[in-house]
Amino acid sequence: MPAERRYRSAKQRRDPAPAVADPAAGECKRFGRHYTPPALARFLAHRVVSQAAPSQAGVLRVLDPACGNGELLLAAHTEATARFPGMRLVLTGYDLDAQAIVAARERAEAAGVAARWYAADFLAAGTRLTQGSFDAVITNPPYVRTQQLGGSTAHLLRRRFGLHGRIDLTHPFVATLPRLLAGGGVLGLLCANRFLTTKAGANIRDLLLSDLSPIELYDLGDTKLFAAAVLPAIIIARRADYRGGCRYISIYETAGRPTCALSLFDALVTQHPATVGHKGRVFAIEAGTLLTGAESRARGSAPPTARGRRSTRDRGTARSGGGASLPQWGWRMSHAAVDSWLARVEARTWRTFGEVARVRVGIKTTADRIFISDRWADADPCPEPELLRALLTHRELAPWRATCRPDLRVLYPYDPAHARPTPIDFADFPAAAAYLSANKEALAGRRYLIDSGRAWFEIWVPQRPRLWREPKVVFPDISDRPRFALDRSGAVVNGDCYWISLPELSRVPVDALRLAYLLMGVANSSFGVRFYDVSCGNRLYSHRRRWTTEYVSRMPLPDPTLPRSAAVIDLVRELIEHHPPDRAALGELDRLVESAFGVP
């Protein structure tokens, strides 16, 4: 079956979305449809048209390969007719949703706009279009994750469109577009801002640097322009060899600062340095230039690698001097002061977190109401106590210390004597067997678990049973500040947290506990927050950050054998073992960490 039909059938056979107040909103989430708000559509259209040029025949040909209800093409019409009065404009829109095409056609007719609308699968139709058919592409392509597409469909899309790693539908859409642009043609892409910084965006970044030339980049961050929880970015790129010089603007919520008189999008266009207001909130606009991995190396500010070695990053992979693959770092904004600061950090970096530790996510049951409870005494039957393990969630974590709730337990149906997940024998635990059997219909309904060859009563992500009893560093996935804590309780870590097992730190010749203290000291300091913001940059709403494996693995460590690092370790030991941290102690920690890296 062709890939485009496979992904369509994958979407059609997915489990129904949960009940929501607005059925249309549920459909949007389920199929990756988040229609572009009119103000954002006008801004994107303005940037595309300002960089576009008509063909030699005096025609401007504009494509939207996932046009939805036509918002972007109608905005492009408004901008183009104002900029090029009297010029012939040819608008073309594709969408798999026939009802959306009907709505787009009706809107265009009501506005007196001529356009070609196709209820068709663009991933199939695009391959049949002539090379260089369009002068501009404006698009907000669908975002559907690999898990929803299915592994076989994702493999077909990777092979067909020359992609690698984890993909979603945005990737093949973008891969199709460069060929369709005429020389000098312009792409206006609206996508998730995580594609700028994470491994998940490596395909898109590769395409933009190999087949196009990015010229403007806008990280719209937590502006809440969409009704859904979407953190958008806009990339404007030209069909030409990459020559650098891309303008990079980011906008994030701030507090305690007055707004300027400009509107949000006027400020973005003019690169105004002041803050702006939007929907009752205040945002700061920061401007700089795009810095890619290769440019970082040229400027001496590449991400830290082992023993100060710079890494060579080409087309989505990175290799250090030892030949081991490292994750690709994304793009970041360049400022002279930030570049200099990162270069000084790199010079003092001994290892990164990811080089000394395995950063794991917590368990994911995918049936929490069955496996997790604070009222097990009321369960009938109640599983055996030895299977009810203490559970750490993000609510129990503060910087330095983790405190388990005495009543919160997870039914963990694995033998802790085994390193790898080995399900319990029901004959040894009759009460647990009866409890799970009473919930079998719901548990067996998790087809993805059954299809992977697992038993119906298992947890989807159980991690390593033997390691739960060992000391570990635990921190929440989402938090407005770092909350790295030491846990010695033997509790299981929930999926809203990540963790580092101390025995696994022994892969380097440093005492594991001392290294854990150093990890927490760096991560919980103001230095750790600044490093996150300049190297990861993916802040969420209300000043929160994602402390995921990919981001935390990038964090640098100073040489633990040096006196400055020893001072950090000794202070963290005091904070954890003896004295609750106060403002003076935290200020001293910040000073010591900065001194260890040689930065002010």
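**Group meeting: a strand, two helices and a pocket**

I will start with a pairing in the middle of the sheet: in strand E24, Val493 is the bridge partner of Leu392. Everything I say today comes from a predicted model, so please keep that in mind.

Leu392 leads us to strand E18, which covers residues 388–392. E18 is joined to strand E24, residues 492–493, by 2 bridges, and the two strands run parallel. E18 also pairs with strand E20, residues 409–411, this time in the antiparallel sense and over 3 bridges. On that side, Arg389 has Val410 of E20 as its bridge partner. How many of the residues of E18 are buried? The count is 5 of the 5, so the strand is largely enclosed by the rest of the structure.

Just ahead of E18 there is a loop that starts from strand E17, residues 372–373, and Pro381 sits in that loop. The peptide bond between Asp380 and Pro381 is cis, with omega at about 0 degrees.

Two other backbone angles deserve a word. Trp400 has a phi near 85 degrees, which is positive in a residue other than glycine. Trp400 belongs to strand E19, residues 400–401. Is Trp400 buried or exposed? Its relative accessible area is 2%, and buried here means under 20%, so Trp400 is buried.

The second case is Gln463, with phi near 60 degrees, again a positive value in a residue other than glycine. Gln463 lies in the loop between helix H18, residues 447–451, and strand E21, residues 472–476. With a relative accessibility of 11%, Gln463 also counts as buried.

Now to the helices. H19 takes in residues 512–523, which makes 12 residues. From first C-alpha to last, H19 reaches 16 Å, close to the 16 Å expected at 1.5 Å a residue. What caps its N-terminal end? Asp511 does: a side-chain oxygen of Asp511 lies 3.2 Å from the backbone nitrogen of Leu513. H19 is mostly covered, with 10 of its 12 residues buried. Among them are Leu515, Tyr517, Leu518, Leu519 and Met520.

The other helix is H20, residues 526–535. In H20, 7 of the 10 residues are buried, so this helix too is largely enclosed by the rest of the structure. The buried residues of H20 include Phe527, Phe531, Tyr532 and Val534.

H20 brings me to the last topic, a pocket. As general background, rolling a probe the size of a water molecule over the atoms shows where empty space is left. The second largest pocket in this model has a volume of about 550 Å³. Its lining is made up of 31 residues. Which of them lie nearest the centre of the pocket? They are Ser250, Tyr252, Glu286, Asp533 and Arg539.

H20 supplies at least two residues of this lining, and so does each of strands E8 (247–253), E10 (281–291) and E14 (332–334). E8 gives the most, with 5 residues. By type, the lining residues divide into 13 nonpolar, 8 polar and 10 charged.

To recap: E18 is largely enclosed and pairs with E20 in the antiparallel sense, while E24 runs parallel to E18. H19 is mostly covered, and H20 contributes to the lining of the second largest pocket.

Definitions and conventions:
Residues numbered from 1 in each chain as written. Predicted model: local features only at pLDDT ≥ 70, side-chain atom pairs only at ≥ 80, totals over all residues. Heavy atoms only, no water. Buried < 20%, exposed > 50% of the residue type's maximum accessible area, 1.4 Å probe, protein only. Helix = DSSP H or I, 4+ residues; strand = E, 2+ residues; numbered from the N terminus. Pairing = 2+ DSSP bridges. Expected span 1.5 Å × (residues − 1). Polar contact = N/O pair within 3.5 Å; in protein donor to acceptor, adjacent residues only side chain to side chain. 1 Å grid on protein atoms, 1.4 Å probe; cavity = no way out; pocket = protein on both sides within 12 Å on 5 of 7 lines; lining within 4 Å. Points joined across faces, edges and corners; volume = space filled by probe spheres on them. Nonpolar A, V, L, I, M, F, W, Y, C, P; charged D, E, K, R; others polar.
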